[in-house]
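Colleague: Got a minute to walk me through this one? I'd like to start with the helix packing.

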Amino acid sequence: MIQAVELYNRSVAGTVSNSAVAAEKTDFASMLEKTSKTSTSTQATPMDDIFNRASEKYQVPVNLLKAVAKTESNFDPNAVSHCGAVGVMQLMPSTAAGLGVTDPKDPEQNIMGGAKYLSQMLDRYDGDIKLCLAAYNAGAGNVAKYGGVPPFKETQAYVERVMKYMGEDIETPSVPVSTSTSNSTDTQTEKEPLRFTVRNSDRTYTYDDYTRFIQLYREQIALSQLEAIYQKRDR
């Protein structure tokens, strides 16, 4: 019995000190958000991996995909152009929807969508990369209208820039793993970081509520351990 009481006291006594180290004085919801952000910040994948998968899936040269991405957004998943193009490959919303992209700011969806579109253009122009790029920038209608790369300075400069980048060894950043689009295996699912859903009503909780919650949780664990000891003793 003395052993059990000491175990209980140690569990409860450590509550306040541990909570003070783990939390700043703030509202309960913010603490959950901080915990969530901390757990997801280390979950990243090299963008190269996405480009390689997209290249293999749609049979588009990986150096072409990376060159287009560097030219379009410099690999910024949150980039939005003045005309509304979004993400790494700068997909217009209507184009993205037609390619099956539901979240243009998701790097994997966006790159896969851009690769699919480039694949379609390469098929359309019998593998002619310059015409493919011209269509990507100015639209297939303008390529048909002018019978080749349109005489637009922007488009001509765009084609030259992408072709130049294709000959370079381009480094890409790492990006957060997408839980909605990544090809998860059972092993990957087990490694998913813990996430919290924070409701607006949670913001009414205070720091004291948070520490009390931890204390009650620890007390419940201690009581469970007490029960286990008693059951073992009564056998």
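Modeller: Sure. This is a predicted model, and a good place to begin is a helix pair: H6 passes H7 in a right-handed crossing.

Colleague: What's the residue make-up of that contact of H6 with H7, by class?

Modeller: It has 8 nonpolar residues, 1 polar and no charged ones. On the H6 side you have Gly 114, Tyr 117, Leu 118, Met 121 and Leu 122, and they meet Ile 129, Cys 132, Ala 135 and Tyr 136 in H7.

Colleague: And the geometry, at what angle do H6 and H7 pack?

Modeller: About 125°, with the axes 9 Å apart. H6 and H7 are therefore oblique to each other.

Colleague: Which other helices can we look at?

Modeller: Try H3, residues 47-58, and H4, residues 62-73: their axes come within 9 Å and cross at roughly 125°. That makes H3 oblique to H4. The crossing of H3 past H4 is right-handed.

Colleague: Which residues in H3 meet H4?

Modeller: From H3 it's Asp 48, Phe 51, Asn 52, Ala 54 and Ser 55, and in H4 they meet Val 62, Leu 65, Lys 66 and Ala 69. Sorted by class, that contact has 5 nonpolar, 2 polar and 2 charged residues.

Colleague: Switching to rings. How many aromatic pairs does the structure hold?

Modeller: There are 3 aromatic pairs. One of them is Phe 51 with Phe 75: the ring centres are 6.0 Å apart and the planes sit at 80°, so the pair is edge-to-face.

Colleague: Where do Phe 51 and Phe 75 lie?

Modeller: Phe 51 lies in helix H3, while Phe 75 is in the loop between H4 and helix H5 (93-98), so the pair ties together parts that are 24 residues apart in sequence.

Colleague: Is Phe 51 buried or exposed? And what about Phe 75, buried or exposed?

Modeller: Phe 51 is buried, with a relative accessible area of 0%. Phe 75 counts as buried too, at 5% relative accessibility.

Colleague: OK, what about Tyr 117 and Tyr 136, how far apart are the ring centres?

Modeller: For Tyr 117 and Tyr 136 the centres are 5.6 Å apart and the planes are at 65°. Anything over 60 degrees counts as edge-to-face, so this pair is edge-to-face.

Colleague: Which helices does that pair link?

Modeller: Tyr 117 is in helix H6 (residues 107-124) and Tyr 136 in helix H7 (residues 129-138), 19 residues apart, so to speak of the chain, the pair links distant parts. Both Tyr 117 and Tyr 136 are buried.

Colleague: While we're on H6, what does Asn 110 contact?

Modeller: Asn 110 has its place in helix H6. Leaving aside neighbours within four places in sequence, Asn 110 is in contact with Val 86, Gly 87, Val 88, Met 89, Gln 90, Leu 91 and Pro 104.

Colleague: Buried or exposed, that Asn 110?

Modeller: Asn 110 counts as buried, at 0% relative accessibility.

Colleague: Now zoom out. How many helices and strands are there?

Modeller: The protein has 11 helices and 2 strands. Along the sequence the pattern reads α-α-β-α-α-α-α-α-α-α-β-α-α.

Colleague: What share of the residues is buried?

Modeller: Buried residues make up 38% of the 235 in the protein.

Colleague: Last one: how much of the contact list is between residues 24 or more positions apart?

Modeller: Taking contacts with a separation of 6 or more, 58% are between residues 24 or more positions apart.

Notes: Residues are numbered from 1 along each chain as its sequence is written. This is a predicted model: local features need pLDDT of at least 70, side-chain atom pairs count only at pLDDT 80 or more; totals for chains, interfaces and linings use all residues. Side-chain values use heavy atoms; hydrogens and water are left out. Axes are lines fitted to C-alpha atoms, for helices over the stretch in contact, and angles run from 0 to 180 degrees between N-to-C directions. Helices (H or I, at least four residues) and strands (E, at least two) are DSSP runs, numbered from the N terminus. Angles under 35 degrees count as roughly parallel, over 145 as roughly antiparallel, 65 to 115 as roughly perpendicular and the rest as oblique. A crossing is left-handed if the near helix is turned anticlockwise from the far one by less than a right angle, and right-handed if clockwise. Contact means heavy atoms within 4.5 Å. Ala, Val, Leu, Ile, Met, Phe, Trp, Tyr, Cys and Pro count as nonpolar, Asp, Glu, Lys and Arg as charged, and the others, Gly among them, as polar. Rings of Phe, Tyr and Trp (its six-membered ring) pair if their centres lie within 6.5 Å; planes under 30 degrees apart count as stacked, over 60 as edge-to-face and the rest as tilted. Buried means under 20% relative accessible area, exposed over 50%, partly exposed in between (1.4 Å probe, protein chains only).
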